[in-house]
Amino acid sequence: MAKKGVQPLELMQLCELLHSKFDRLIEGTGSGDTAKERNFFSRALAAYYLVSEVGASIEDAVTASIDGGDDHGVDSVYVDATETIWLIQSKYIDRGVGEPALGDVNKFENGVRDLLRKQYGRFNQHLQAKIPLIDRALDSGVCQVKAVLVYTGSALSDDRRRMMGDLVSAFTSPARRNFLRFVNAGLESFHQYHLSETLAAPISLDIELEQFGFLTEPYPCYYGGLDADQIKAFKTLHGDHLFNANIRQFKGNTAVNIDIVSTLTNTPENFFYFNNGVTLLCDEIQQISAHDETNRLGKFRLQGVSVINGAQTVSCIADALGEDQKQSTAKVMATIISLENAPDRFGESVTQFRNNQNAVSDVDFAALDENQQQWAKTLANSGINYRYKGGLQDDETFNLEFAARALACSYSTDESLHLVALAKKDSKKLFSRTKTAENESTYKSIFPDTLEARVLWRVVQICQEVISVITREVKSAQGTDKEIISHSRWMVCYLVMCRKFDLKLEQEVALTLVQKNLVGIEAQNIVYRVITEFNKKAFDKSPKSVFENQNDLQTLKGPVMAALANT
């Protein structure tokens, strides 16, 4: 067998996993051992995706393969119980870096196009056997199609995303807004699938709670004061495995964490009152101390425990109360929730909603999106520092929260005005992963897998130019006009995008000076028209309320756009 290049550990581990799962079920084809091994991994990768992401059985995932001659770039076809058709192209990249060849992605695009147009005669016999299932789904009236590119690389260039974006647009209409979606899953996604299978052994803890209380229905929950020294001991013994169910780990010396350490060191008696506390999930909780009617002190044994909120608190305590520190008098508010008899995915919901109470949690959740990592890497090649993660600050060009607001304003449809209102009123909701009736979350509608890094950066630049104009105009305005301008920034961004929609799609990464001047002039004209039409409407509410309301934005958009059209 030919010698491989140096592989990332994640890929080596994934290859071992694929062998263990599919060795007796999938046979690689090709001339020579190397070709057969690569083909095995490509087929196994597609099957593993269907098992991990879609919930298919191993047997169904294996038989979904149509890989071979005349597959037209579509390696697997699977129809799930919801009449969703999963069309997968799988590429094994043995170095663990790079991306599928442009020609392969083009072949996949054409194959998906032919299949959805029912040009079945162009495909091999493996596809022919699936035609009844495919037709049933396509004719069901509720069918959705996922075109999935899976590979063991670390990047996906804008030209590939653009190609798949054009395909999605070709099958999108007002009546079928989310009929076809593109999904991208590289090595990092598969590493996360693998990690979910190989987490450390469940942790068991014995803890003591002071002045504790409890709930028994619908699921057991205890709460009370937990000594900081106990938390330090847990972290010392189990390390970051304590956070296996958490969405983030220690963030370092952020302002919040510095305050945590300061309180621990200087006023530990106040720590209970100043800190939000910690939340632990466990599979089972058992009180092992003698019954005490006063509930002054209780000892509990937790099985399968994880800290799902408060990772920063736990890590700061462990660091601040190092080996040389004396015992601390600090106490922490602890909530312990048992998953015994809880429904499926209840623990995931608790983790999500507990963390959503924190203003930075949305950044943490989005940081798990492999696309964010790839967009950041692509932009870094052009010297643009896109900070998509929370935690330690760096010299950023722009960050995730600004990107979300800018993208929310980048769609020219009336329906997207609710995103503009959210950008003004509550930008955290732009990161919602709750799927709508169209089976698309707000986050994915703003950050689709087809989004190109170049388009992302151009949208951000347009909004930065608009906000510069707004800032200058606010300084020179007075009275109600000043208030209108101040609160209109995201609506003005949206209106500029409506008027200059193609500007975000141009090929250059950076806006030219001419383009920046064009955006500035357009923004100034729009600000003037917004003020004029706002005053004509005589809204019976404050400017702030108007620009946070989708219906009011719709009321304002029509006359502003009409006035601009006449200039």
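Visitor: What makes Lys 504 count as lying over the face of Tyr 411?

Guide: In this predicted model, Lys 504 is 5.2 Å from the ring centre of Tyr 411. The cut-off for a charge over a ring is 6 Å, together with a limit of 35 degrees from the ring normal, so a lysine that meets both counts. Lys 504 is listed as lying over the face of Tyr 411.

Visitor: Where does the charged end of Arg 176 sit?

Guide: Over the ring of Phe 179, at 4.1 Å from its centre.

Visitor: Now to rings that meet other rings. Why is the pair of Phe 272 and Tyr 273 called edge-to-face?

Guide: Their ring centres are 5.7 Å apart, and rings pair if the centres lie within 6.5 Å. Their planes stand at 80°, and planes over 60 degrees apart count as edge-to-face. That is why the pair gets this name.

Visitor: How many aromatic pairs does the structure hold?

Guide: There are 22 aromatic pairs. One aromatic cluster is formed by Tyr 48, Tyr 49, Trp 86, Phe 190 and Tyr 193.

Visitor: Why is Tyr 273 called exposed, and why is Phe 272 called partly exposed?

Guide: Exposed means over 50% relative accessible area, and Tyr 273 has 64%, so Tyr 273 is exposed. Phe 272 has 32%. That value falls between 20% and 50%, so Phe 272 counts as partly exposed.

Visitor: How do you know that the length of H22 agrees with what a helix should span?

Guide: H22 has 25 residues, and at 1.5 Å a residue they should span 36 Å. The end C-alpha atoms of H22 are 36 Å apart, so the two values agree.

Visitor: Which parts of the structure cover the buried residues of H22?

Guide: Among them are helix H19 (453-476), helix H20 (479-487) and helix H24 (550-565). The buried residues of H22 include Val 519, Ala 523, Ile 526 and Val 530.

Visitor: What makes Ala 538 stand out just after H22?

Guide: Ala 538 has a positive phi of about 50° although it is not a glycine. Most residues other than glycine have a negative phi. Ala 538 lies in the loop between helix H22 (513-537) and helix H23 (543-546). Its relative accessibility is 55%, over the 50% cut-off, so Ala 538 counts as exposed.

Visitor: What is the peptide bond from Glu 217 to Pro 218 like?

Guide: That bond is cis, with omega near -5°. Most peptide bonds are trans. Pro 218 has its place in the loop between strand E5 (204-215) and strand E6 (221-227).

Technical notes: Residues numbered from 1 in each chain as written. Predicted model: local features only at pLDDT ≥ 70, side-chain atom pairs only at ≥ 80, totals over all residues. Heavy atoms only, no water. Phe/Tyr/Trp six-rings, centres within 6.5 Å; stacked < 30°, edge-to-face > 60°. Buried < 20%, exposed > 50% of the residue type's maximum accessible area, 1.4 Å probe, protein only. Helix = DSSP H or I, 4+ residues; strand = E, 2+ residues; numbered from the N terminus. Expected span 1.5 Å × (residues − 1). Contact = heavy atoms within 4.5 Å.
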